[in-house]
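Biologist: Before we discuss the model, I should like each term to be justified by its criterion. Could you begin with the one that governs contacts to the ligand?

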Amino acid sequence: MYPRLVVDLKKLKENLDAVAAITKEQGHCSLMIVTKGLCADKEMAKMVANHPAVDFMADSRVANIKTYAQEARKNGKMTTLLRIPMHAEVEDVVKYVDLSFNSELSTIGLLNEAAGRAGVVHRILLMIDLGDLREGIFYKNEELILHTVEEILAMDHIQLYGIGVNLTCYGAIIPKKDNLSNLVAIGRKIEDKFGIKLSMISGGNSSSIYLIGKGELPEGINNLRLGESFLLGNDTAYGAKLPGTVSDTLTLEAQIVELKEKPSLPIGEVGVDAFGQKPYYEDRGIIKRAIIAIGKQDTDIDSMEPLDEKIDILGGSSDHIILDVTKSEVDYQVGDVVRFVLGYGGMLKTATSPYVEKVYK
Ligand SMILES: *Cc1c(COP(=O)(O)O)cnc(C)c1O
């Protein structure tokens, strides 16, 4: 059935080998593989769980972690929850998650109670915000950081596993030796003041991996969390391709349901489109327009590239995408399949849509 997402497990494995080799080259860096970009796809998760270089398997949603927790643990990987937990999900967190990222004492308190009821000790990573301004205690507020640590250490069923930072997500801030060194310094301060050893100082996501190649990842950083660099081979700091990776691990396939020669400019008074936007149309004269049976409900039309480079994506609505196939050397017919490579947004939406079938090769 179409539309479908073709997942190339061999290429994903090669990407994993490549990012693992770069990360482990550092010597003391553990590898956390992030599965949310492909909605914790079952076959991908199985491959990751069986890879010897992977130490942690992480996702932002407990529902995703639940699907592979058993497989991950059986293979000696810790499951990790990246998004700060909701109060409403603490029971599930202590059950399916071995390490959760946190920044709120009220939530950590509830995790402590839930862990107590479940008879387990739950590990947490305290998030520090170095300026990207998404989650974490602001790094300049040392008093709040130390107070939070003190409260955590007093809890019976919580283990402070370490600290971490997330960058290049909201504020688009690039990890560098200087901002990551601030994180390491905070870690050392916590260790000295409380006489403890932090097992993990996690230095960010796919935007941090480039620092290893430059020899600029601070010594104290001993973990990286990699999603996009593994799934699509991207160094997300500067948009470069990581050595040994490929970007065509996934192919989206959709079927043409209409093919007509029509003008490129709509006729009549222009209002707003299906999403309330005032559109812009380029006058290309009479063109050959193909409609494929997939839409904004299933994919991100700004995050997909036709493999046939002579095709242009003109636009779309919930269930339709319109292509200009005029310049293509292929004589497309209704019923033909058009293929696309995906960016992060396209991958995320197609992997999540129940209307997009997944097949493997
Ligand atoms: C999504 C996420 C990651 C992985 O990001 P990539 O850019 O895909 O490597 C790492 N850490 C946190 C906290 C995240 O939310």
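Modeller: A polar contact is a pair of N or O atoms within 3.5 Å. The model before us is predicted.

Biologist: What makes the approach of Arg 225 to the ligand a polar contact?

Modeller: An N or O atom in the side chain of Arg 225 is 2.9 Å from a nitrogen atom of the ligand. The cut-off is 3.5 Å, so the pair qualifies as a polar contact.

Biologist: How much of the ligand's own accessible area does the protein cover?

Modeller: On its own the ligand has 390 Å² of accessible area, and the protein covers 93% of that.

Biologist: How do you know that Ser 206 and Asn 166 make polar contacts with the ligand?

Modeller: For Ser 206, a polar side-chain atom lies 2.5 Å from an oxygen atom of the ligand. For Asn 166, an N or O atom of the side chain is 3.4 Å from a ligand nitrogen. Both values are within 3.5 Å, and therefore both pairs are polar contacts.

Biologist: Which residues surround the ligand, and how do they divide by character?

Modeller: Among those surrounding the ligand are Val 34, Lys 36, Leu 82, Arg 134, Glu 135 and Asn 205. The shell divides into 3 nonpolar, 4 polar and 5 charged residues. Gly 227 belongs to the shell, and Gly counts as polar by the convention used.

Biologist: In which pocket does the ligand sit, and what makes "sits" the correct word?

Modeller: The ligand sits in the second largest pocket. The word applies because more than half of the ligand's atoms lie within 2 Å of the pocket's grid points.

Biologist: Let us turn to the strands. Why are S13 and S18 called paired?

Modeller: Strand S13 (residues 250-263) and strand S18 (residues 337-342) are joined by 4 bridges and run antiparallel. Pairing requires at least two bridges, so the term is justified. Ala 254 stands opposite Val 338, and Gln 255 has Val 337 as its bridge partner.

Biologist: Which other strands pair with S13?

Modeller: S1 pairs with S13 in the antiparallel sense over 4 bridges, with Leu 5 opposite Leu 252. Strand S14 (residues 286-292) is joined to S13 by 7 bridges, also antiparallel; there, Leu 259 has Ala 290 as its partner.

Biologist: How do you know that S15 and S18 pair?

Modeller: 3 bridges join strand S15 (residues 304-306) to S18, and the criterion is at least two, so they pair. The two run antiparallel, and Met 304 is bridged to Leu 342.

Biologist: Which backbone features deserve a note?

Modeller: Tyr 2 and Pro 3 are joined by a cis peptide bond, with omega about -5 degrees; Pro 3 lies in the segment before strand S1. Ala 40, although not a glycine, has a positive phi of about 50 degrees, and its place is in the loop between strand S2 (30-34) and helix H2 (42-49).

Key
Residues numbered from 1 in each chain as written. Predicted model: local features only at pLDDT ≥ 70, side-chain atom pairs only at ≥ 80, totals over all residues. Heavy atoms only, no water. Near = heavy atom within 4 Å. Polar contact = N/O pair within 3.5 Å; in protein donor to acceptor, adjacent residues only side chain to side chain. Areas by Shrake-Rupley, 256 points an atom, 1.4 Å probe, with all protein chains shown as cover. 1 Å grid on protein atoms, 1.4 Å probe; cavity = no way out; pocket = protein on both sides within 12 Å on 5 of 7 lines; lining within 4 Å.
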